[in-house]
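Colleague: I have the sequence and the structure open. Can you walk me through a few spots?

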Amino acid sequence: MEKYLIVGTGGVGGSIAGFLALAGKDVTCIARGKHLEAIRAKGLHLKSDLKGKHILPVKAYTAEEYNEKADVIFVCVKGYSLGSIKDLLEKASDPNTLIIPILNVYGTGPRIGQLVPRVTVLDGCIYIVGFVSGPGEITQMGKIFRLVFGARPHQSVAPERLETIAGVLRKAGIKADISDDINRDTFIKWSFISAMACTGAYHEVSMGPLQHPGAERDTFIGLSKESSEIGRKMGITYTEDPIEYNLKVIDKLDPDSTASMQKDIAKGHESEIQGLLFDMIALGEKMGINMPTYRKVAQKFKI
């Protein structure tokens with residue numbers, strides 16, 4: 001049986017781990033602190049709109065303790081933590097291991113590939129509302145749980161291997177898509193999560209107000225338009241109108257949900273605001289794109 005390693009057992013990683021464990025797969029979680037202690041003592045507590053409530057006995061370790069080799073590694077840490085997992089990825093990988101980063105920020109596949117050049121690092125993104133709701137407890141909200149992954153053009157990965165992983169995810173209840181252009185799909189996800197998180201944080205609201213006409217939805221549309229222009233300048237080929245796509249996704253979210261960046265800012269924790277707000281503005285300025293909505297949001301969160 002293939003071994004799956006989840007690096008970062010937050011809302012995203014914990015949901016993947018929970019769904020795979022429910023499907024009887026060999027899953028190990030990397031976690032820390034009270035969250036790790038609770039998973040070890042009582043199991044992973046999954047509260048899911050898609051799967052219901054479950055207590056799942058999953059293996060859990062710190063990054064330092066883990067000493068096995070994994071077949072598939074899902075990297076689900078925040079973008080600012082990538083440097084801290086280099087040693088773990090190296091020792092957990094063998095020549096056949098595939099690493100699939102599932103992060104909110106853009107370009108993480110190539111970045112991790114530079115950290116661990118001897119390992120095959122794909123790229124990926126995810127659409128889900130998931131969060132840690134207590135020590136050892138993961139809440140997955142709503143009906144959207146979609147994972148997109150794929151190899152970049154220069155990577156020679158057997159299509160059958162990708163299909164096998166996708167098949168496992170689908171049987172576990174995760175909508176898995178193998179991308180034919182993972183650069184496009186990870187940019188589209190970055191554009192969406194940036195607009196969603198920045199709008200929620202700027203207006204200090206959950207997703208409900210973004211789903212109806214008003215100032216919040218206007219901000220979301222403005223951010224979506226500006227990031228889509230960046231994509232066009234970069235040569236991204238959109239298969240559908242990116243603003244309509246973003247609106248379609250936002251309208252399907254649980255109205256009470258909020259982005260993880262927004263939760264972290266509200267708690268005074270380190271957040272992904274650099275990668276989701278300021279990096280987008282820097283890229284837009286480099287491309288010569290006017291970004292009035294992004295600049296308006298940035299005024300509230302000046303570093």
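Colleague: Where is Ser194 placed?

Modeller: Ser194 sits in helix α6. Keep in mind that this is a predicted model.

Colleague: Buried or exposed, that Ser194?

Modeller: Buried, because its relative accessibility is 0% and the cut-off for buried is under 20%.

Colleague: What does the side chain of Ser194 make a polar contact with?

Modeller: With the side chain of Tyr294, at 2.7 Å. Leaving aside neighbours within four places in sequence, Ser194 is in contact with Leu276, Met280 and Tyr294.

Colleague: Tyr294 again. Which helices pack there, and which residues of α7 and α11 make the contact?

Modeller: Tyr294 is one of the α11 residues in that contact, along with Pro292, Thr293, Lys296 and Val297. From α7 come Thr219, Gly222, Leu223, Glu226 and Ser227. Helix α7 covers residues 215-234 and helix α11 covers residues 292-300.

Colleague: What angle do helix α7 and helix α11 pack at?

Modeller: About 120°, with the axes 8 Å apart. The two helices are therefore oblique to each other, since angles of 65 to 115 degrees would count as roughly perpendicular and those over 145 as roughly antiparallel.

Colleague: Back to α6. Which helix gives the most to the largest nonpolar core?

Modeller: Helix α6, residues 182-203, with 10 residues. That core has 64 residues. Those with the most contacts inside it are Val7, Ile73, Val75, Leu89, Met196, Ile250 and Leu277.

Colleague: What does Leu89 touch?

Modeller: Val7, Ile73, Val75, Ile99, Ile112 and Val116, not counting residues up to four places away in sequence. Apart from the largest core lies another core of 39 residues, including Ala17, Phe19, Leu122 and Ile165.

Colleague: Now the sheet. How many strands form it, and in what order?

Modeller: 6 strands, in the order β5-β2-β1-β6-β7-β8. The sheet is open and the pairing is parallel.

Colleague: Which are the edge strands?

Modeller: β5 (59-61) and β8 (120-121), each of which pairs on one side only. Strand β7, residues 98-101, runs parallel to β8 and is joined to it by 2 bridges. Ile99 stands opposite Val121 in β8.

Colleague: Which helix packs on the sheet there?

Modeller: Helix α5, residues 159-171, which touches β1 (3-7), β6 (72-75) and β7. Its direction makes about 55° with that of β7.

Colleague: What about β3 and β4, what do they form?

Modeller: A hairpin, with 3 residues between the strands. Strand β3 (residues 44-48) and strand β4 (residues 52-56) run antiparallel and are joined by 5 bridges. Leu46 stands opposite His54 in β4.

Colleague: Change of topic. Where is Thr108 found?

Modeller: In helix α4, residues 108-115. Thr108 is buried, because its relative accessible area is 1% and the cut-off is under 20%. Leaving aside neighbours within four places in sequence, Thr108 is in contact with Leu82, Pro101, Leu103 and Asp123.

Colleague: Last one, Glu204. What is its phi?

Modeller: Near 55°, a positive value in a residue other than glycine. Most residues other than glycine have a negative phi.

Colleague: And where is Glu204 found?

Modeller: In the loop between α6 and α7. Glu204 counts as exposed because its relative accessible area is 61% and exposed means over 50%.

Terms used: Residues numbered from 1 in each chain as written. Predicted model: local features only at pLDDT ≥ 70, side-chain atom pairs only at ≥ 80, totals over all residues. Heavy atoms only, no water. Core = buried A, V, L, I, M, F, W, Y, C linked by side-chain atoms within 4.5 Å. Buried < 20%, exposed > 50% of the residue type's maximum accessible area, 1.4 Å probe, protein only. Helix = DSSP H or I, 4+ residues; strand = E, 2+ residues; numbered from the N terminus. Contact = heavy atoms within 4.5 Å. Polar contact = N/O pair within 3.5 Å; in protein donor to acceptor, adjacent residues only side chain to side chain. Pairing = 2+ DSSP bridges. Axes fitted to C-alpha atoms, helices over the stretch in contact; angles between N-to-C directions. Parallel < 35°, antiparallel > 145°, perpendicular 65-115°, else oblique.
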